[in-house]
Amino acid sequence: MLKKKNLLFLIIAVSILALAVVGCGDNNEPAPDNNNNNNGNDNGEAVGDGSLQRVLDAGEFHVVGSGGYRPFNYFDEDGEIVGFDVDTGAAIAERLGVELNYGDTAWDGIIEGLRAGRYDAVLGSMAITDERLEVVSFTIPYYYSGAQLVVREDSGITDPSEMDGLTIGVATGTTFADDAEELGATVSYYEDDNQTLMELINGRIDGVITDRVVAIVNIDGMQGGDQLTMAGDLLRLEQMALALRQDDEELLAELNEILEEMHADGTLRAISEEWLGEDITVDQ
């Protein structure tokens with residue numbers, strides 16, 4: 001009987017000891033980390049959005065324009081896309097340490113293509129507007145220009161106020177349609193300014209609103225351009241910049257730094273003077 005009691009006491013003692021050990025073990029477990037997130041690395045350092053690294057890893061800066069906006073981006077006689085925008089892109093790519101991949105796409109879908117990730121940026125003489133800022137980000141301006149009315153020289157039109165009730169051609173997706181509507185004109189849309197100006201030369205429309213520099217260069221250089229003239233002063237000024245996806249903050253910051261350097265060291269001025277014969281890279 002005594003042996004049974006001693007055995008029972010031994011079992012109880014072992015059970016109590018086991019429970020005590022388990023309890024101590026639970027108290028020593030590390031508390032769960034409820035503050036884990038994806039905004040940093042193991043050292044607690046901030047992790048960027050990866051947009052700049054994406055370009056560096058690809059080894060190219062992929063940008064686009066319409067390809068029909070002489071002298072900023074257009075196809076030369078050899079089928080190569082050239083112009084002020086293209087040379088600006090090449091200078092930017094060189095400072096990034098990558099190659100430039102300059103492509104062309106329809107202007108009316110260019111922002112949608114950017115947001116879908118088909119290219120890194122739009123570098124095609126795109127003006128900064130409040131409406132566009134709702135869906136994309138812009139760099140600092142790389143040049144300044146303005147909206148200009150172009151008419152046939154034999155039209156007798158000398159001022160934009162005379163366009164009420166007439167037809168003005170503009171490139172689809174540009175800001176120039178608003179200018180035409182404000183003049184009381186009917187707006188006719190075309191793919192690019194090669195088409196708008198040819199339609200004007202052929203007498204199918206009464207005027208074209210485009211960038212002032214585009215107007216000057218095409219009046220001087222395109223076939224039939226000598227039949228055209230600029231009517232009145234600039235309708236308004238515009239700031240031209242690169243457009244990027246709103247999430248690409250690292251790439252935006254790097255491009256702004258590069259553009260500031262290119263303004264300061266005269267690179268943009270030299271490109272402007274080569275293509276246009278004047279410096280349009282400073283705010284007038």
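Select helix 3 and helix 9 (residues 249–264) in this predicted model. Their axes come within 10 Å and cross at roughly 115°. That crossing angle falls in the 65 to 115 band, so helix 3 and helix 9 count as roughly perpendicular to each other. Look along the pair and check the hand: the crossing is right-handed.

Now show side chains at the contact. From helix 3, pick T88, A91, I92, R95 and L96; from helix 9, pick E254, L255, I258, L259, E261 and M262. Colour them by class and you should get seven nonpolar residues, one polar and three charged.

Keep helix 3 (residues 84–96) on screen and add helix 10 (residues 267–276). How close do the axes of helix 3 and helix 10 come, and at what angle do they cross? They come within 9 Å and cross at roughly 155°. Angles over 145 count as roughly antiparallel, and helix 3 and helix 10 are therefore roughly antiparallel to each other. The crossing here is right-handed.

For the contact itself, select F84, D87, T88, A91 and R95 on helix 3. Across from them, on helix 10, are T267, L268, I271, S272, E274, W275 and L276. The class count for this contact is six nonpolar, three polar and three charged residues. While you're here, click on T88, A91 and R95: they appear in the contact with helix 10 and also in the contact with helix 9.

Back to helix 9, this time with helix 2 (residues 51–58). These two pack at about 75°, with their axes 5 Å apart. Given the 65 to 115 range, helix 2 and helix 9 are therefore roughly perpendicular to each other. Which residues of helix 2 meet helix 9? They are S51, L52, R54 and V55, and they meet E249, E250, L251 and E254 in helix 9. Tallied by class, this contact has three nonpolar residues, one polar and four charged. Pause on E254: helix 9 uses it against helix 2, and it turns up in the contact with helix 3 too.

Next, hide the helices and go for a sheet. Three strands make an open, antiparallel sheet in the order 2-3-4. Strand 2 (68–69) and strand 4 (81–82) are the edges, each pairing on one side only. Zoom in on strand 3 (residues 73–75), which pairs with strand 4 in the antiparallel sense over two bridges. To get your bearings, label F75 and find I81 of strand 4 opposite.

Step into the loop between strand 2 and strand 3, where you'll find P71. Is the peptide bond from R70 to P71 cis or trans? It is cis, with omega near 10°.

Now jump to strand 9 (residues 167–171) and strand 10 (residues 186–190). This pair runs parallel and is joined by five bridges. I168 is a handy landmark, standing opposite V187 in strand 10. Trace the chain out of strand 9: it goes through helix 6 (residues 176–182) and on to strand 10, giving a right-handed β-α-β crossover.

Last stop: S125, in strand 6 (residues 121–127). Check its backbone torsions, as phi is positive, at about 60°, although S125 is not a glycine.

Key: Residues are numbered from 1 along each chain as its sequence is written. This is a predicted model: local features need pLDDT of at least 70, side-chain atom pairs count only at pLDDT 80 or more; totals for chains, interfaces and linings use all residues. Side-chain values use heavy atoms; hydrogens and water are left out. Axes are lines fitted to C-alpha atoms, for helices over the stretch in contact, and angles run from 0 to 180 degrees between N-to-C directions. Helices (H or I, at least four residues) and strands (E, at least two) are DSSP runs, numbered from the N terminus. Angles under 35 degrees count as roughly parallel, over 145 as roughly antiparallel, 65 to 115 as roughly perpendicular and the rest as oblique. A crossing is left-handed if the near helix is turned anticlockwise from the far one by less than a right angle, and right-handed if clockwise. Contact means heavy atoms within 4.5 Å. Ala, Val, Leu, Ile, Met, Phe, Trp, Tyr, Cys and Pro count as nonpolar, Asp, Glu, Lys and Arg as charged, and the others, Gly among them, as polar. Two strands pair if DSSP finds at least two bridges between them. A crossover is right-handed if, with the strands pointing away from the viewer, the path from the first strand over the helix to the second runs clockwise.
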